[in-house]
Structure formats: C-alpha cells, structure tokens
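Me: I should like to learn how to read the features of a protein model. Could we begin with the pockets and then proceed to the helices and the core?

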Amino acid sequence: MKIMQATPGYEIFTIVYYLVTSICAIGGCGFDSYYLESCFYLSGHFRIIRQRFQAIQYTVLKENNNKFKKEISSIIDYHNEILNSCAVLQDLVRSAIFPFVLFDSILICTCVYTLMMVNSLIVTIAFVGLTTAALGQIFILTYSGEVLTGRSQELLEGIYNSEWYLASPQQRKLMIVCMMRSRKGFTFQMGIFQLALTTLSAIVQTAGSYIALLKTLS
C-alpha cells in the first residue's frame, strides 16, 4: 500500500476512481429503479393472464365453442402483447445492463482484493460499501429477471389448475398451444449471460477465483 501511495499520480487516480464510481452508482440507482419497476409491472400482467385462464367457466362455454374460442383468443392476444413488451424492454436495457454487470464484477474483484491487502479501517469501510453496492445491483438485475421468468411460466400452472378436463378436444388444442408458448417462459438474454440468479452465483464464483489467483501472484 505504501508503494502505491508513493507512486506519482496516486492521489489523482484515487479521486478519479471514486468519482467514476459515484457517477456509476447514481446512474445505476435510476436505471435499476426503472428496470425493477418494469419487470414487476410485466410480471403482474403474467399473473393476470394466469388468473384469466383459471376463471374460465368451462361448464358454461362447453356447449358454445365459438364463445370459448373468442375468450381463448383474447387471452392469447393479451399474452402475445405482454411477450412483445418484454422483448422491447430487453432491447432497451441490453446495451446498459452488460456494462453495469461487467463494471460491478471488476469492482467486486478489486474491492475484495484491496480489503485482503490493506489494514486500514477507513479503506475497509469504503470498499465494503462499494462491494455491497455492486453485489446489490447485480442481485436486483438478476432477481428481477428471475421473477419475470417465473411469472411467465405460471401460465402452465394456470391452465393445469383450471377445469381443462371439461373442455372439448378442439378447445384443449388451443390450450396446448398456450402451454407450449409459455413452457420456457421469457428470459432476458444479455449476450453471453441471462438475467437469472444462476448468473449472480456464477459471477461470485468467478470473482472468487480471480481474487484467489491475484492473491497467489502477489
């Protein structure tokens, strides 16, 4: 640490480092709020679609196939509209999420490595805060994507819990189409990774591996 402090330009580098980190943190809070709200908004619509399937009165529509098809078509159109909205949101946030995740991953490695090498209370408090903020942002991004994926897959459960056995064979075919579309659910695909909690686990494991490597080299 003393060697680093004796390096010319160390003070300027430190100021620029904390300035850039602060700007990214402020911008990230606004972006995270927009993304989190959008994901939960769309998740609510998937929940409504599930409830609409469960609310279908098969005993009433059993003899009226045209009315049943109209109801199913209405739900399918609603489902397609929400899926399209999810695709639009993915296109909007894709160019921003990848830099955030990459920056947070580098920040986690740097902060944890510095904490292992420095015995200063002030530096420890500062870098623990930065590490917590980076992990928190990655958790928000991945957890929101996980929730949206889970809600989009609940349509299968909604159809299963309905009185589908009272429907005619033609009506069941329409429900099978809906089940096939929602089988995989909607997953945010951000290039080489997906926005899911498994991605958070992979990032933490990778960061731990790099930190162990840096410590060995040092």
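Reply: A pocket, as the term is used here, is an open set of grid points, where a 1.4 Å probe fits, with protein on both sides within 12 Å along at least five of seven lines. Please keep in mind that this is a predicted model. The second largest pocket has a volume of about 290 Å³.

Me: Which residues lie nearest the centre of the second largest pocket, and how many residues line it?

Reply: The lining comprises 14 residues, and those nearest the centre are Val101, Leu102, Ser105, Ile192 and Ile203. Helices α4 and α7 each contribute at least two residues to this lining.

Me: Before going further into the helices, how many helices and strands does the protein chain have?

Reply: There are 7 helices and 2 strands. Along the sequence, their order is α-α-α-α-α-α-β-β-α. Of the chain's 218 residues, 35% count as buried.

Me: How does one read the length of a helix, and what is the span of α7?

Reply: The expected span of a helix is 1.5 Å times one less than its number of residues. For the 21 residues of α7 this gives 30 Å, and the end C-alpha atoms are 31 Å apart, which agrees. Helix α6, residues 169-182, can be read likewise: it has 14 residues and reaches 20 Å from first C-alpha to last, close to the 20 Å expected.

Me: Which residues of α6 are buried?

Reply: A residue counts as buried under 20% relative accessible area and as exposed over 50%. In α6 the buried residues are Gln171, Met175, Cys178 and Ser182. They lie on the same side of α6, because they cover an arc of only 50 degrees around its axis. Pro169, Lys173 and Met180, on the other side of α6, are exposed.

Me: Where in the chain is Arg181, and is it exposed, partly exposed or buried?

Reply: Arg181 is in helix α6. With a relative accessible area of 43%, Arg181 is partly exposed. Residues up to four places away in sequence aside, Arg181 touches His79, Asn80 and Leu83. Asn80 is 101 residues from Arg181 along the chain, yet their C-alpha atoms are separated by 9.4 Å.

Me: What separates Asn66 and Gln171 in sequence and in space?

Reply: These two residues are 105 residues apart in sequence and 9.9 Å apart in space, C-alpha to C-alpha. Asn66 is located in helix α4 and counts as exposed, at 61% relative accessibility. Gln171, by contrast, is among the buried residues of α6. For the protein chain as a whole, among contacts between residues at least 6 apart in sequence, 83% join residues at least 24 apart.

Me: Which residues of α7 are buried, and which are exposed on the other side?

Reply: Thr199, Leu200, Ile203, Ala207 and Ile211 are buried in α7. They cover an arc of only 110 degrees around the axis, so they are on the same side of α7. Thr198, Gln205 and Thr216 are exposed on the other side.

Me: What does Thr199 touch, not counting residues up to four places away in sequence?

Reply: Thr199 touches Thr142, Phe193 and Gln194. Thr199 counts as buried because its relative accessible area is 11%. Its partner Gln194 lies in strand β2, residues 193-194, and is partly exposed at 36%. With the sequence neighbours up to four places away again set aside, Gln194 touches Thr187, Phe188, Gln189 and Thr199. The C-alpha atoms of Gln194 and Thr142 are separated by 8.0 Å, although their positions lie 52 residues apart in the chain numbering.

Me: Finally, how should one read the nonpolar core, and which of its residues touch the most other members?

Reply: In soluble globular proteins, nonpolar side chains tend to be buried together. Here the largest nonpolar core has 45 residues, and Tyr35, Ile49, Phe53, Ile97, Phe188 and Leu195 touch the most other members. The elements giving two or more residues to this core are α2, α4, α5, α6 and α7. Helix α4 supplies the largest share, 17 residues.

Me: With which residues is Ile97 in contact, leaving aside its neighbours within four places in sequence?

Reply: Ile97 is in contact with Phe31, Tyr35, Leu141, Met190, Phe193 and Leu195. Of these, Tyr35 and Leu195 are also listed with Ile97 among the core residues that touch the most other members.

Notes. Residues are numbered from 1 along each chain as its sequence is written. This is a predicted model: local features need pLDDT of at least 70, side-chain atom pairs count only at pLDDT 80 or more; totals for chains, interfaces and linings use all residues. Side-chain values use heavy atoms; hydrogens and water are left out. Helices (H or I, at least four residues) and strands (E, at least two) are DSSP runs, numbered from the N terminus. Buried means under 20% relative accessible area, exposed over 50%, partly exposed in between (1.4 Å probe, protein chains only). The arc is that of the directions from the helix axis to the C-beta atoms. A nonpolar core is a set of buried Ala, Val, Leu, Ile, Met, Phe, Trp, Tyr and Cys residues joined through side-chain atoms within 4.5 Å. Contact means heavy atoms within 4.5 Å. On a 1 Å grid over the protein atoms alone, a cavity is a set of points where a 1.4 Å probe fits but cannot get out, and a pocket is an open set with protein on both sides within 12 Å along at least five of seven lines; lining residues have an atom within 4 Å of a point. Grid points are joined across faces, edges and corners, and a volume is the space filled by probe spheres set on the points.
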